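Me: I have this protein open on my screen and would like a close look at one part, the salt bridges. Please walk me through them and keep it informal.

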Amino acid sequence: MLVTTKKMLLEAQKNHYAVGAFNVENMEMVQAVIAAAEEMRSPIIIQTTPSTLKYASPELYLANVKALANKAEVPIAIHLDHGNSFELAMQTFRCGYTSIMIDGSQKPFEENIALTSAVIKAAHAANISVEAELGTVGGKEDSLDNGEGGYTDPSKAKEFVERSGCDSLAVAIGTAHGVYKHAPKLDLNRLSAIREVVDIPLVLHGTSGVDDKVVKECVQRGICKVNYATDLRIAYTRGVKEVLAENPDTIDPKKYGARGREYVKQYVMEKMQVVGSAHRI
């Protein structure tokens, strides 16, 4: 059941829901996300970032996902999140990732189009989906600090999509990566304006910490893929800390890994209901 994201997101767009995309760091988090998808009968996107792929190879993460996806009864995609170079995009493409994000949002407009188009040319030859980003989602993603970020211009978004040919577009409307110091204020009217002129699925990054009601409103206004990363790390770490606090002499990683895994699963199941992907399979 390992699939690309194109059909998955077009189906979400057609039926006015979004698919949750969850960043994983280890085997237990992969297990948790897929177990949640199975229980909730939901399509799912599993993501790894460049820093995660420095910790372990894309081949290793793919093997974890593929081993579970082969036994799953729901569609699962494995996606490169915030691919920061053509080389990394091609590395994940060659090893078998079914979806790729190339993030040229830090570059000037024309350079972003050129980089995105180069990745698309290679990926589309094998029917692999490509996500791009225009405007910069603020906060810290891996080692890259985007500060306050920069909003997506609707007119530029239309031109970018037409010229690049990307399958989905991450938009900047006020979210940020990492832990929010204050409740974020999203520019929902900007999102609606982008939706009016862009006909491909739109993606919301930096959603950890955004109020569920706001996320639902974003989905109603056209978001088809919702990314969660920071809150999964928090959930997993909370489980580990609890076990070690209860029994400081614990030395078996399975003991605290299981608690972390369960907390991630519960979190993912909650967010599937928020984005509307539950019971779609």
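Reply: Here is a short look at the whole chain, followed by the salt bridges and then the chain end.

First, some ground rules: this is a predicted model, local features need pLDDT of at least 70, side-chain atom pairs count only at pLDDT 80 or more, and totals for chains, interfaces and linings use all residues. Residues are numbered from 1 along each chain as its sequence is written, and side-chain values use heavy atoms, with hydrogens and water left out.

Now the backdrop. You have eleven helices and eleven strands to find your way around; these are DSSP runs numbered from the N terminus, with helices being H or I of at least four residues and strands E of at least two. The radius of gyration is 18 Å, close to the 19 Å that the globule rule gives for 281 residues, so the protein is as compact as a globular protein of that length. (That radius is taken over C-alpha atoms, and the rule is 2.2 Å times the number of residues to the power 0.38.) Along the principal axes, the C-alpha trace spans about 60 × 40 × 35 Å. Of the 281 residues, 55% count as buried, where buried means under 20% relative accessible area, exposed over 50% and partly exposed in between, with a 1.4 Å probe and protein chains only.

On to the charges. Side chains of opposite charge can pair when their charged atoms come close. The protein has 32 positive and 35 negative charges, and their mean positions are 2 Å apart. Lys and Arg count as positive and Asp and Glu as negative, while His and the chain ends are not counted; each charge is placed at NZ of Lys, CZ of Arg, CG of Asp or CD of Glu. With a salt bridge taken as a side-chain nitrogen of Lys or Arg within 4 Å of a carboxyl oxygen of Asp or Glu, the count is 15.

Start with glutamate 39 and lysine 265, whose side chains meet at 2.8 Å, N to O. This pair links distant parts of the chain, 226 residues apart: glutamate 39 is in helix α2 (residues 27-40) and lysine 265 in helix α11 (residues 253-275). Glutamate 39 is partly exposed at 46% relative accessibility, whereas lysine 265 is buried at 16%.

Glutamate 162 and lysine 158 form a salt bridge at 2.7 Å, N to O. Both lie in helix α7 (residues 154-164), four residues apart, or about one turn of the helix. Glutamate 162 is exposed at 56%, while lysine 158 is partly exposed at 34%.

Next, go back to helix α11. Arginine 259 bridges to glutamate 242, with 3.0 Å between the closest N and O atoms. Arginine 259 lies in helix α11 and glutamate 242 in helix α10 (residues 230-246), so the pair ties together parts that are 17 residues apart in sequence. Arginine 259 is partly exposed at 26%, and glutamate 242 is partly exposed at 25%. Both belong to a network of salt bridges that links Arg238, Glu242, Glu246 and Arg259.

Finally, follow the chain past α11 to isoleucine 281, in the segment after that helix. Isoleucine 281 is partly exposed at 45%. Leaving aside residues up to four places away in sequence, isoleucine 281 touches Arg41, Ser42, Pro43, Glu73, Val74 and Pro75, a contact being heavy atoms within 4.5 Å.
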